[in-house]
Amino acid sequence: MVGTSSTLSVLLKILQLGLISLIFVVSSVLVYRRIKQAPLRKLYGPSNSSFFSGNYLQMFNPAAAKYHEYLLKAYGRVIKINGFFGDQQLIISDPKALTSILVHNLDAFEVPEWFLESNRQIWGTCFCSTTGSEHRRQRKQIIPVFSTSNLRALLPLLYDITHQLRDVLQGEVSDGKREVDALAWAGRLALEFVAQGALGYTFDSLNPHGAANEFGKTIKEFNPALSSLAFWRMHFHWISKLPPRLLRLGATVFPMARLRNLRRITTSILGHATEVLDEKKALLVKGDETLIDQVSEGKTFIGVLMRQNDDEGDGNRIPEEEIIAQMSVLIFASADTTSSMLARIFHLLAEHQDIQEKLRKEISQAYESCEDPNEELGYHQLLDLPLLEAICCETLRLYPAGELTIRQCRSDMTVPLSRPLDTARGAVSSLFIPHGTTVFINIAGINKDPDIWGADAMDWKPERWLARLPETVAEARIPSVYGNLATFIAGGRACIGFNFALLEMKVALVQLVKHFRLSPSKQEVFWRFGGISVPSVKGSSDTRPRLPIVMERI
Ligand code: HEM
């Protein structure tokens, strides 16, 4: 009895000591951070709403687009906000500062550790889990996949996929006119574009019943499963240095259903992707002609990588696990972004009948100029349609699929500013950012800046792209890979698939506008702010993403 109570008191002492040490460590970290972040305190921004969650509840909720517009109006291009436990963070839309962050100082402003580490656990080595020279090597290997000649070779495949969608939709609206969920169809189309383009594989998502195969169904489960762990993911780096085997075991046995669900989904996706690669390899060995054509003519991304690998010496070959990881990441980087943008354009065209009619006229005139009436528009014909291009650019500007992205400052840095910034201690012409600071890249902020785009910057006006853009656009030197838009960002982590995305959007729009008239549903649509914006029906108890649109056969 005496023995038990003395063991208990030793245990209590250890617990007490542990708790005191924890409180000491946490307080020291908070005090150290407070001292380190002192230079940020002079910057203006909204007051802190909660010590625990800072301004995050206002910044990240379905209606947050309005809050970000308010922040931009009230505080301008550099906004100080509060993260968890009083962490001082920045939202930046100053073009010169962002060029410095994204283009000139990529190594000092990388994606956060939690992002890299959690992706490494999920996928292994891929764009989303590497930095520095390894990341540059990966980009160099995959960028040729998006060359003009490869995209041109892919165009007939993209048309075939869109014809499949056209036929299914014509069946859906066989009685002439019907309300459909345009987001669901845009999603299936974008998934099929990248699956067939990247993997030379079909998820079978465009069959008339709309049900994809097992691989396709699992792919659709991934993003909701990952989002359900967003809070935990942001704190993952605290344990990420544990041995990978231990982490994997932890993910399997830890009593958290959401984590186990994510593990099930990713294991299944990687398993399916491995089967696809094995199938391709076996067909190549057998000398299957269709596949040899795909590989030698660069008709699928996986083919291009396999061909590159054949040409490389042993030292430079991309390991198979990496090809599988990269293919999986391409699918996720591409499908939801492209379907969000496509759905947004469908919605805008439904609401702007005049612009929809003008676009239809532009498309039919382009087809009239084709010698064969059954022929589809060629690569350059498609890219050179002025109104189509203007509609895509204006939608990418005003409604980028992702409004914010995130970086973490890896060493004390001073970045230049396009114009002096007012602070509580006077105006400054450059911005000091202490090591460790989280920086949100305000993609929507730069795209909607009235000092760059004009007083009508908040309006959707495709015609602005048909005239000369204001001088202020070129003068602003926006970090951009396309059309002075920040939508695909710029620099060493810019979107590598932007020209594929534009081609997908244009092929889809030409086919749909040619064959269907779009008009708004009676149900009011509300776009939910998030990592990627999605539409849903306002006031409905069903909060699932969907976009009701009335489609009428032409
Ligand atoms: C309109 C649709 C798209 C938009 C708006 C978009 C936007 C972006 C943005 C903003 C980033 C940078 C994220 C960051 O580092 O913070 C990015 C990265 C990336 N995107 Fe896209 N994207 C689109 C379509 C695509 C497509 C179709 C593909 C591929 C087929 C693709 C592949 C990638 C990849 C692989 C990365 C990571 C690049 C790297 O880390 O080096 N994206 N995208």
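**Figure 1. The three-stranded sheet of the predicted model.** Two strands pair if DSSP finds at least two bridges between them. Helices (H or I, at least four residues) and strands (E, at least two) are DSSP runs, numbered from the N terminus. The model is predicted: local features need pLDDT of at least 70, side-chain atom pairs count only at pLDDT 80 or more, and totals for chains, interfaces and linings use all residues. Residues are numbered from 1 along each chain as its sequence is written. In this view, an open sheet is built from three strands in the order β4-β12-β9, and the pairing is antiparallel. Strands β4 (177-181) and β9 (516-520) are the edge strands, each pairing on one side only. From one strand to the next, the twist averages 35 degrees. Five bridges connect β9 with strand β12 (residues 548-553) in the antiparallel sense. Within this part of the sheet, S519 stands opposite V550 of β12. Helix α15 lies across β9 and β12 and runs at about 80 degrees to β9. Axes are lines fitted to C-alpha atoms, for helices over the stretch in contact, and angles run from 0 to 180 degrees between N-to-C directions.

**Figure 2. The five-stranded sheet and the helix that lies across it.** A second view shows an open sheet of five strands, ordered β1-β2-β8-β5-β3, in which the pairing is mixed. At the edges stand β1 (78-82) and β3 (109-110), each with a single partner strand, so one side of each has no neighbour in the sheet. Strands of a sheet pair through backbone hydrogen bonds, either parallel or antiparallel. Strand β2 (residues 88-92) and strand β8 (residues 438-442) pair in the parallel sense, over three bridges. The residue of β8 that serves as bridge partner of I91 is F440. Helix α4 (residues 95-104) lies across β2, β3, β5 (404-409) and β8. The direction of α4 makes an angle of about 115 degrees with β8.

**Figure 3. The surroundings of helix α5.** Which residues of helix α5 (residues 113-123) are buried? They are L116, S118, N119, I122 and W123. A residue is buried if 20 or more other C-beta atoms lie within 10 Å of its own, exposed if 12 or fewer, and partly exposed in between, with C-beta atoms placed from the backbone. The cover over these buried residues includes α10 (230-234), α12 (257-286) and α15 (320-351). Just after α5, the backbone at G124 takes a positive phi of about 90 degrees.

**Figure 4. The crossing of helices α16 and α22.** This view is centred on two helices, α16 (residues 353-368) and α22 (residues 498-515). Their axes come within 9 Å and cross at roughly 105 degrees. On the α16 side, the residues of the contact are Q356, L359, R360 and I363. On the α22 side, V510, V513 and K514 meet them. Two residues are in contact if their C-beta atoms lie within 7 Å.

**Figure 5. Residue A65 and its neighbours.** A65 is found in helix α3 (residues 64-75). Is A65 buried or partly exposed? A65 is partly exposed, because 17 other C-beta atoms lie within 10 Å. When residues up to four places away in sequence are not counted, A65 touches E403 and F529. A65 and A444 are 379 residues apart in sequence, but in space the distance from C-alpha to C-alpha is 9.3 Å.

**Figure 6. Two loop residues with a positive phi.** Most residues other than glycine have a negative phi. D204, which is not a glycine, has a positive phi of about 60 degrees. D204 is placed in the loop between α8 (182-199) and α9 (214-227). With 16 other C-beta atoms within 10 Å, D204 is partly exposed. The phi of R477, a residue other than glycine, is also positive and near 50 degrees. R477 is placed in the loop between α21 (471-476) and α22. R477 counts as partly exposed because it has 13 C-beta neighbours inside 10 Å.

**Figure 7. The setting of the close-up views in the protein chain.** The secondary structure of the chain comes to 22 helices and twelve strands. Of the 554 residues, 36% count as buried. Taken along the principal axes, the box filled by the C-alpha atoms is roughly 95 × 60 × 55 Å. Among contacts between residues at least 6 apart in sequence, 73% join residues at least 24 apart.
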